[in-house]
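Student: I am new to this structure and would like to be guided through its sheet and its helices.

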Amino acid sequence: MNDKEAVLEALKVVQDPDLHKDIVTLGFIKDLAACAGVVKFKIELTTPACPVKEQLKQQAYDAVMAIEGVTTVNIEMTAQVKSSLPVGNKLGGDIKHVIAVTSGKGGVGKSTCAVNLAAALSATGAKVGILDADVYGPNIPVMLGIHRKPEGRGKKLFPIKAHGIKTMSVGYMIEDGQPVMWRGPMLHRALQQFLQDVEWGELDYLIVDMPPGTGDAQLSLAQLVPLTGMVVVTTPQEVSQTDVRRAIGMAEQVKTTILGVIENMAGEIFGEGGGKTISEKFDIPFLGSIPLQADIRKCGDSGVPLVIENAESNVAKIFADMAGKVAAEISKIQATSLPVLEV
Ligand SMILES: Nc1ncnc2c1ncn2[C@@H]1O[C@H](COP(=O)(O)OP(=O)(O)O)[C@@H](O)[C@H]1O
Ligand SMILES: [Mg+2]
């Protein structure tokens with residue numbers, strides 16, 4: 001057995017806890033070099049937001065260090081998000097995954113969760129975009145502090161980048177405070193344009209901030225976009241209500257996976273635990289609970305998401321954890337179509 005083979009053999013003890021296979025079989029080991037006791041390789045994960053990145057690195061290090069004669073192990077962690085979208089999809093740009101953030105009703109913090117989740121994913125090094133599909137009440141321009149109009153060339157529109165995140169919103173097209181009235185076909189056409197005529201470029205994750213409720217716009221969007229999955233936002237007390245059930249019912253109707261549920265505004269006023277109950281009842285992952293906290297709203301109003309404004313805060317850590325869970329769920333879905341490589 002040569003040095004490289006010995007290293008690969010040793011690395012087979014390292015299991016990806018989400019994909020339930022070892023990192024050699026999964027084809028994660030790249031650029032392996034082994035010479036005179038010095039071993040170098042890359043571990044290429046399926047998402048930079050992998051929640052067990054450090055753990056995998058440490059296990060791989062220990063496994064290779066234990067080989068007789070090895071003195072130095074140098075591991076570089078990289079990631080390549082792979083798409084599960086059908087080839088030839090009509091989206092503008094190379095978008096790997098589209099994630100809708102939904103809720104049964106408005107005002108539960110869907111936009112707040114969408115921007116902070118996007119910021120948390122972006123902080124891991126992922127390429128992230130937000131599509132504001134809430135055509136009736138676009139919040140993304142204010143929440144990301146954008147007061148410009150997007151540039152266009154011919155039929156093409158260019159997204160506006162803020163805090164490292166590419167965005168598109170009807171809010172960019174209308175005057176401040178003007179009511180937006182959409183008739184059914186116009187709405188469908190606008191969403192279609194945002195998905196197909198916007199030069200998104202390369203994106204690992206496109207987060208779609210959905211309009212509230214479970215009406216025409218949601219169905220139209222879900223039919224228009226090949227969604228990888230949906231994230232459902234609820235307030236803690238909603239457990240006794242039918243809104244969340246409707247959101248979940250809609251996901252089932254359009255055959256979309258629910259990546260998880262976020263409980264928002266937890267605390268003394270609305271209580272807590274509703275998100276967890278829903279997750280258990282419907283057997284969907286619980287992503288975490290965000291407290292009702294004044295600085296979350298202040299950051300939303302000021303145009304800098306809390307995750308960016310105060311990256312060390314408890315809330316930022318909860319969002320980072322959620323981003324890891326969402327990315328891991330997506331990796332699991334994607335893994336079913338991942339070719340298993342023989343190294
Ligand atoms: N956890 C929270 N703590 C305090 N304020 C919040 C929280 N989540 C959202 N908000 C505020 O509540 C309002 C509604 O949130 P928003 O994200 O716009 O909801 P939606 O998009 O579901 O309508 C906004 O003013 C927002 O800043
Ligand atoms: Mg909103």
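Tutor: Two strands pair if DSSP finds at least two bridges between them; strands (E, at least two residues) and helices (H or I, at least four) are DSSP runs, numbered from the N terminus. This is a predicted model, in which local features need pLDDT of at least 70, side-chain atom pairs count only at pLDDT 80 or more, and totals for chains, interfaces and linings use all residues. Residues are numbered from 1 along each chain as its sequence is written, while chains are lettered from A and ligands numbered from 1 in the order in which they are written.

Student: Which residue in β4 does Lys 30 stand opposite?

Tutor: Strand β4 (residues 38-45) runs antiparallel to β3, and five bridges join the two. Opposite Lys 30, in β4, stands Lys 42.

Student: Which strands stand at the edges of the sheet?

Tutor: The sheet is open, with mixed pairing and the order β3-β4-β5. Each edge strand has a single partner, so one side of it is left without a neighbour in the sheet; these strands are β3 (29-35) and β5 (72-79).

Student: How is α3 oriented to α11?

Tutor: Helix α3 (residues 110-123) packs with helix α11 (residues 314-335) at about 75°, their axes 8 Å apart. Axes are lines fitted to C-alpha atoms, for helices over the stretch in contact, and angles run from 0 to 180 degrees between N-to-C directions. Angles under 35 degrees count as roughly parallel, over 145 as roughly antiparallel, 65 to 115 as roughly perpendicular and the rest as oblique. Therefore α3 is, relative to α11, roughly perpendicular.
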